[in-house]
Amino acid sequence: MELKSATALAHPNIAFIKYWGNRDEQLRLPQSGSISMNLASLHTETTVRFSDDLERDTVVVNSQLLVGDPLARVTGFLDRVRSLAGKQIHADVVSSSNFPIGAGIASSASAFAALALAGSAALGLSLNESELSRLARTGSGSASRSIPGGYCEWARGESDLDSFSVSILPQDGWDLSDLIVLLSHSHKKVGSTAGHSSANTSPYQPARIQDAARRLDICRKAILERDFSALAEISEEDSTLMHAVMMTQQPPLFYWEPRSLAIIKAVKEWRASGLPCFATLDAGPNVHVICPTEARDDVYANIHVLVPDSQILVSGVGGPAHLINPTTVEH
Ligand code: DP6
């Protein structure tokens, strides 16, 4: 009997310049590049154990056995790992996250980043960072950005070979925080994968993509120069652009709730009156309020007054995906 296992931990990320729309759905080659920061307090930890004794893959996520499409998505991903390693051997996957899944905090990002690293290590592949980022990308686009640490840019690329993420500023390069206002814990009705595939039905998507290089340049420069106000303006613009596409694609996706909009507007007012913060939303109603860590307590207090019943998750900048306890036992 041969038994090989590995455990990896990865953080989700929050995008300042968003990924929305693929030019190749299978390979998840994006229509444009994107930029994000990893979130230190949130993580997914995944153990993958391959064994000749297993007749099929089993996947347990937060103590629940996956079936149907979610299982097929993971098995399809494991098939890629198996084909890279040239091995036909099934796996037990056990994964848990310390934050609510499917509520606009890209759980698929940390999940597929951890799975790419644990799965490839368990089969004895030692992939470098860009190879891992490419592999993670095929499981979930945003997962490519959860492989490197700190502030990451995922290149659109010309093909599968050069569409991966790199760190543009390390974790300790700029001390920002994300205050995630949880307005809903429920699983989103339309997931990102279905949403990406109909992005092109919005007449706004071509304009959004055509302008992406400009927004990426401004965002990258703002991060490298630690220019918070430039980052705030471009990130809010980019988030609104993505949601304008979402709301006008077919079928339309309205992720904003009334309280999301109330926070978006309040954050703009707080910034105008001198409190450094900005708001950005992914595929869900929860609002990510980004601020320099030194302003975190004031921003938190303001949010709490506005939405006293909402839970707020707080995170600094996270590091790269990493193996926790690599073990290879051969019998
Ligand atoms: C709105 O990476 O979740 O969060 O590749 O289908 O898993 P799949 O999509 P996913 O899309 C994330 C979209 C977003 C914006 C972003 O994170 O860039």
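These legends describe close-up views of a predicted model.

**Figure 1. The protein has two domains.**
Domain 1 covers residues 5-172. Domain 2 covers residues 176-315. Their centres, taken over C-alpha atoms, are 23 Å apart. The domains also touch. On one side, 34 residues of domain 1 take part. On the other, 50 residues of domain 2 are in contact with them. The ligand draws on both parts of the protein: domain 1 and domain 2 each give at least three residues to its shell.

**Figure 2. A shell of 16 residues surrounds the ligand.**
Arg28, Ser140, Gly141, Ser142 and Thr193 come nearest. By class, seven residues of the shell are polar, five are charged and four are nonpolar. Helix α4 spans residues 192-197. This helix supplies three residues, the largest share of the shell.

**Figure 3. Oxygen atoms of the ligand lie close to polar atoms of Tyr19, Gly141 and Thr193.**
Tyrosine 19 offers a polar backbone atom, 2.8 Å from a ligand oxygen. Glycine 141 also uses its backbone: an N or O atom there lies 2.7 Å from an oxygen atom of the ligand. Threonine 193 uses its side chain instead, with a polar atom 2.6 Å from a ligand oxygen. How much of the ligand does the protein bury? Taken alone, the ligand exposes 460 Å², and the protein buries 97% of that.

**Figure 4. Serine 144 sits in the loop between α3 and β10.**
Helix α3 covers residues 129-139, and strand β10 covers 151-154. Is serine 144 buried or exposed? Its relative accessible area is 0%, so serine 144 counts as buried, a class that needs a value under 20%. Its side chain makes a polar contact with the side chain of serine 165, at 3.1 Å. Beyond the residues up to four places away in sequence, serine 144 touches Ser133, Ala136, Arg137, Trp154 and Ser165. Serine 165 thus appears both in this list of contacts and as the partner in the polar contact.

**Figure 5. Glycine 150 lies in the loop between α3 and β10.**
Glycine 150 is buried, because its relative accessible area is 0%. Which residues does glycine 150 touch, leaving out those up to four places away in sequence? The list includes Ser36, Met37 and Asn38. Leu169, Pro170 and Gln171 are also among them. Val317, Gly318 and Gly319 belong to the list too. Leucine 183 is another matter. Glycine 150 and leucine 183 are 33 residues apart in sequence, and their C-alpha atoms are 26 Å apart in space.

**Figure 6. Serine 310 is in the loop between α9 and β15.**
Helix α9 runs over residues 296-306, and strand β15 over 311-315. The relative accessible area of serine 310 is 9%, so this residue is buried. Where does valine 181 lie relative to serine 310? The two are 129 residues apart in sequence, but their C-alpha atoms are 6.5 Å apart in space. Neighbours within four places in sequence aside, serine 310 is in contact with Val181, Leu182, Leu183 and Arg259. The side chains of serine 310 and arginine 259 make a polar contact at 3.4 Å.

**Figure 7. A cis peptide bond joins glutamine 250 to proline 251.**
Omega of this bond is near -5°. Proline 251 has its place in the loop between α7 and α8. Helix α7 covers residues 228-248. Helix α8 covers residues 258-272.

**Figure 8. Asparagine 62 has a positive phi in a loop between two strands.**
Its phi is near 45°, a positive value in a residue other than glycine. The loop lies between β7 (58-61) and β8 (64-65). Asparagine 62 is partly exposed, because its relative accessibility is 30%.

**Figure 9. Arginine 226 has a positive phi in a loop between two helices.**
Arginine 226 is not a glycine, yet its phi is about 50°. The residue is found between α6 (212-224) and α7. Is arginine 226 buried, partly exposed or exposed? At 41% relative accessibility, arginine 226 counts as partly exposed.

Technical notes
Residues numbered from 1 in each chain as written. Predicted model: local features only at pLDDT ≥ 70, side-chain atom pairs only at ≥ 80, totals over all residues. Heavy atoms only, no water. Near = heavy atom within 4 Å. Polar contact = N/O pair within 3.5 Å; in protein donor to acceptor, adjacent residues only side chain to side chain. Areas by Shrake-Rupley, 256 points an atom, 1.4 Å probe, with all protein chains shown as cover. Helix = DSSP H or I, 4+ residues; strand = E, 2+ residues; numbered from the N terminus. Nonpolar A, V, L, I, M, F, W, Y, C, P; charged D, E, K, R; others polar. Domains from an automatic or database assignment. Buried < 20%, exposed > 50% of the residue type's maximum accessible area, 1.4 Å probe, protein only. Contact = heavy atoms within 4.5 Å.
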